[in-house]
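Let's take a walk through this chain, a few spots at a time. Keep the viewer open as you read.

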Amino acid sequence: MKREHWLIVYSIGVGVPGWAWLCFNAHIPTIPLWHIAIFIIAALCIEFWSVRIAPADPHTFAGAIFLGVAIATDAWTGAFTAAIVAMVVGVVLPIIDKRPLDISTLGIRPLARASVRIMAIACGGWLAGLAPGWVGIALQISIYPLFIITNRWLRIQLQHGSEMVQRWWQRSALYIWSIEIIPLILAPVITIMYTTTPIWYSVIILVALSVVSVVIRQFIVNLRAQKEFNNTLTIVNAASRAIINADLDVNALCQLIYAEASKILDTSSFHLGIFEPNTDRFTLMVRIQDQQWQESMTYEVPMGDGIIGWMRQSMKPLLVFDFLKEMDRLPARPRYQSDKPPRSGIFIPLVHQNTVIGTISVQSLKPNAFTHADCEILTQIANQVAVAIVKARTFQDARTRALQLQAIQDFSAHLSQPRDPDELIGEVLRLIRQYFGYHPIHYIGLDAKGEPRLRLSTAESAGHRRMHQLLTDADHGIIRDVIRTRKIVLSNDVHANPHYLEDDPDTQSELAVPIRFANELVGVLDVQSAERWHFQETDVFVMQSLADQIGLALERARVFSAQREEAWRLNVLLQAAEELNRTIDAADVIATAARLPLRLLDCRRSCYLRWDQATHTLTVTATAGLTPNEEEQLIGQVYPESLFQLPTITPINVQLIEMAGDTGFIQAFTHKRLLMLVTRGRSTTPGILLADFDLAERNFGEREQHLFNGLAGQIGAAIENALLEQEADNAALLEEEIRLARDIQTSLLPDTAPHITGWHIKAHWRAARVIGGDFYDYWPLKGPNGAQLLGFVIADVSDKGMAAALFMTLSRSLVRAAALDGSDPAVALMRANRWITRDSESGMFVTIFYGIIDVSTGVLHYSCAGHNPPLLMRADGTYEQLRSPGMAIGVIEEIRLHTQTTTVAAGDVLVCYTDGVTESFDEHDTIYGVERLVQVVQRTQQHTAEAIVTTIANDVTAFSDGRIYDDVTLLVIQRDQHQ
């Protein structure tokens with residue numbers, strides 16, 4: 001039998017005896033009925049204003065009234081009064097508390113509660129009759145709370161078990177003693193007042209008791225509210241500390257939030273989801289159903305759609321006590337359909353800067369499972385969660401961007417190496433899979449007709465065949481869409497894309513990017529993932545950047561292949577020239593020339609014939625590839641020109657000829673079709689070289705023709721020209737890359753200084769080489785109470801040139817990412833230092849000065865990480881150098897920096913500089929120095945910020961006579977005199 005059924009049986013068993021006694025002993029009261037009504041009304045007021053720890057357990061001193069009536073009149077009248085009050089209160093309180101109403105709630109339990117009071121007063125009256133005087137009264141008063149408390153103990157034991165009894169006693173003992181037991185001593189007082197004074201004195205006493213009941217109730221309510229508030233603060237503080245100390249990882253943070261919520265709520269059904277920025281895509285990061293972890297899922301949630309869409313639009317939480325009763329009154333309805341829908345729930349938006357970034361929902365199959373206090377606590381935690389998630393996502397974005405930049409840098413390094421196109425693409429596909437985990441990855445090229453052809457792929461053989469077949473047979477699909485439109489095609493749910501053709505059954509999302517060079521489509525890069533909604537905007541950006549680099553690299557590879565082919569030809573010719581020039585003996589040179597075709601074109605045999613213009617004959621002077629007998633028979637043989645069907649030999653270097661007749665020469669060579677090379681001198685044609693390939697038909701390509709033409713002509717000049725041309729191409733390519741690097745670097749520096757009323761800002765940057773390692777930057781920030789702040793930074797990388805420029809790009813990005821949340825300068829720089837040391841293995845470091853100015857007050861917070869201390873020139877001509885302890889960043893992972901504070905007053909000038917200014921030197925090796933810089937600033941302090949910067953830069957140039965050995969960077973911040 002269920003506990004609820006046992007409770008009903010117990011209530012009936014308790015209710016029958018009491019009501020039976022009351023009915024059996026019924027008689028006309030000995031006091032007027034209106035007197036009884038007064039006592040009933042007073043008792044009802046006190047009961048309704050009672051203190052209730054649990055809804056079913058009111059703690060009240062109405063028992064003093066019931067006992068007072070019983071002592072003053074008789075036990076039946078007191079029991080009747082108590083029964084009426086118990087019945088009224090037992091029926092009305094469930095209605096007020098909005099508890100489920102049934103026969104048990106409205107009938108059985110009120111009857112049992114009234115019966116217990118009847119039996120308590122009846123037994124007390126019986127004991128009072130056995131002992132006279134005050135002893136009997138004392139027994140009568142003592143027996144009443146014994147019955148009441150025993151009944152509660154038994155009822156809770158039956159309904160909830162021993163553990164709940166213990167918890168009930170711990171929470172209620174103080175209230176039982178102070179409110180229910182001790183006030184029973186007032187019963188004799190009520191009896192005396194009623195029996196010895198007019199009824200109106202008793203009314204005054206009863207009113208006073210009602211007022212005291214109200215005061216006690218309000219006091220305890222306030223006390224409990226304060227306690228709940230303190231508990232809420234404790235819970236929220238504990239959760240906040242846990243969130244603050246958590247790693248900046250969104251997934252780990254979401255799991256931590258679930259763990260913290262589980263400490264205060266029943267989280268058997270818990271959802272935490274996050275919106276992707278600027279989209280309707282909603283990802284459930286934590287999805288708990290029936291205490292079981294479910295896989296995360298992503299779906300579209302338009303603004304205002306369902307409860308989540310309503311929270312995103314209204315930025316308000318929602319507490320539902322019972323869906324069945326409140327469904328028609330809810331501001332939005334749930335989107336889900338379930339066989340076991342929840343009955344109650346809490347829905348909390350994660351709000352950051354007036355934007356809902358996600359939601360938390362906790363639901364239960366039971367009605368009224370959550371309270372307003374639960375909603376308030378979860379809202380407080382959600383406020384902390386939103387900030388933490390935004391910071392974690394910002395950190396992850398910065399780290400992802402840094403990794404992407406590193407990946408792009410590594411790709412650039414690989415793509416810049418000259419290699420075969422297929423080898424280059426294979427390396428690119430391998431790196432994409434290594435860095436980003438995409439699989440499969442396809443490179444689709446275009447044939448001469450513009451049709452797609454699968455060139456390389458990371459798919460297995462079966463997937464490779466399917467993709468090849470799709471490209472061959474189908475006239476539509478994502479790849480053909482890219483070829484037709486020459487635009488990126490992104491499908492984060494391929495099964496919802498009508499153009500998708502399946503080449504891999506595991507693929508859920510696909511990104512296809514065109515590869516172009518000079519507005520010409522050369523191929524398509526296709527990457528796939530087994531996860532829906534896997535590709536983000538950053539993936540599109542990275543893949544498009546890689547595709548652009550691949551297009552350029554393919555063109556370079558094509559040029560490289562042609563150059564390699566040319567280099568091979570030139571190398572062969574160079575070897576031939578070296579062999580021909582190794583000796584000066586004519587016979588040795590001719591013998592060497594006869595052997596060259598066997599090495600250069602892998603022919604079977606060859607011979608050299610010297611031509612006699614006077615007699616128009618050809619004499620065999622050297623052979624290669626023949627047997628000694630064949631060679632002995634041919635050497636010295638003389639043949640007429642007509643044998644080779646040559647009308648003339650002069651204008652052509654390489655020809656395929658047909659031998660005429662059947663001679664000993666033909667017997668030594670296997671075919672009549674031979675390659676003839678005419679070897680030319682400066683003014684004569686000394687002979688020809690014949691090559692036999694054992695093939696009846698043989699055509700020679702351009703490479704072979706160029707090769708033999710080179711042998712026939714100016715071999716040395718051709719090699720020299722090719723090398724010069726190659727060097728010129730390499731020099732032009734290097735110059736273009738350096739120019740592009742400088743353009744990229746200068747684009748990272750601010751175009752213009754911020755315009756702030758009362759302030760003037762001017763910067764100057766000049767690299768010692770084409771590109772440099774100095775940089776400066778500034779960005780607006782928001783301070784407390786909306787104060788306008790300006791963050792600015794000046795830095796100097798430890799090296800120069802391309803390496804310093806790349807390290808400067810990484811440092812600038814990470815410093816900016818670390819500072820944009822408005823952190824204290826030292827904290828921001830220490831955070832950036834950790835990122836830089838973790839992401840860079842170059843061994844380089846950067847000195848940096850970072851300051852934050854409150855433009856309304858001039859208060860400057862700054863931190864100096866090993867950088868040259870800026871000069872703060874006061875309006876009266878004095879100055880100070882802004883120093884703070886700390887080393888350069890990028891050296892070790894954990895450093896200690898400090899933040900200092902000063903004020904830039906009206907008329908003051910702040911001059912920030914790198915060591916390229918103060919460490920410039922003249923022709924006598926005299927250092928420019930800080931003192932000279934101070935003098936220049938003092939002379940120009942009353943001028944504009946632009947004039948100050950120009951004067952300093954010109955003075956440094958004049959001092960060093962135009963020789964710049966280090967990067968020169970200046971940043972001047974000037975405050976108006978009358979601000």
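Which residues does Asp967 touch, not counting residues up to four places away in sequence?

## Asp967 and its neighbours

Keep in mind that this is a predicted model. Asp967 touches Arg766, Ala767, Ala768, Arg769, Gly772, Gly773 and Asp774, and on top of those Thr914 and Gly916, leaving aside residues up to four places away in sequence.

To find Asp967, look in the loop that runs between H27 and strand S30 (968-975). Its relative accessible area is just 1%, so Asp967 counts as buried.

## The chain as a whole

Stepping back, the protein chain has 27 helices and 30 strands. It runs to 979 residues, and 49% of them count as buried. Take the contacts in the chain with a separation of 6 or more: 64% of them come from residues 24 or more positions apart.

## Cysteines

How many disulfides are there? Counting cysteine sulfur pairs within 2.5 Å, the answer is zero.

Two of the cysteines are worth a look. Cys123 has 30% relative accessibility, so it counts as partly exposed. Cys254 comes in at 0%, so that one is buried.

## Helix H3 and its partner H6

Is helix H3 (residues 63-72) mostly covered or mostly open? Mostly covered: eight of its ten residues are buried. Those are Gly63, Ala64, Ile65, Phe66, Leu67, Gly68, Val69 and Ala70.

H3 packs against helix H6 (residues 133-160), with the two axes coming within 11 Å and crossing at roughly 145°. That crossing is right-handed. On the H3 side, the contact is made by Gly63, Phe66, Leu67, Ala70 and Ile71, while H6 brings Ile137, Gln140, Ile141 and Tyr144. Sorted by class, the residues of this contact are seven nonpolar, two polar and no charged. Gly63, Phe66, Leu67 and Ala70 turn up both among the buried residues of H3 and in its contact with H6.

## Helices H26 and H27

Now jump to helix H26 (residues 929-940) and helix H27 (residues 945-959). Their axes come within 10 Å of each other and cross at roughly 140°. Because of that angle, H26 is oblique to H27. The handedness of the crossing is right-handed.

Which residues make the contact? From H26 they are Arg932, Leu933, Val936, Val937 and Thr940, and from H27 they are Ile948, Thr951, Ile952, Asp955 and Phe959. By class, the contact of H26 with H27 has six nonpolar, two polar and two charged residues. For comparison, the contact of H3 with H6 has no charged residues.

## Ile836 in helix H24

One last stop is Ile836, which is in helix H24 (residues 825-839). Is Ile836 buried or exposed? Its relative accessible area is 1%, so Ile836 is buried.

What does Ile836 touch, not counting residues up to four places away in sequence? The list is Phe807, Ser811, Leu814, Ile889 and Gly890. You can also check how far Ile836 is from Val815: the two are 21 residues apart in sequence, and their C-alpha atoms are 8.8 Å apart in space.

Key. Residues are numbered from 1 along each chain as its sequence is written. This is a predicted model: local features need pLDDT of at least 70, side-chain atom pairs count only at pLDDT 80 or more; totals for chains, interfaces and linings use all residues. Side-chain values use heavy atoms; hydrogens and water are left out. Axes are lines fitted to C-alpha atoms, for helices over the stretch in contact, and angles run from 0 to 180 degrees between N-to-C directions. Helices (H or I, at least four residues) and strands (E, at least two) are DSSP runs, numbered from the N terminus. Angles under 35 degrees count as roughly parallel, over 145 as roughly antiparallel, 65 to 115 as roughly perpendicular and the rest as oblique. A crossing is left-handed if the near helix is turned anticlockwise from the far one by less than a right angle, and right-handed if clockwise. Contact means heavy atoms within 4.5 Å. Ala, Val, Leu, Ile, Met, Phe, Trp, Tyr, Cys and Pro count as nonpolar, Asp, Glu, Lys and Arg as charged, and the others, Gly among them, as polar. Buried means under 20% relative accessible area, exposed over 50%, partly exposed in between (1.4 Å probe, protein chains only).
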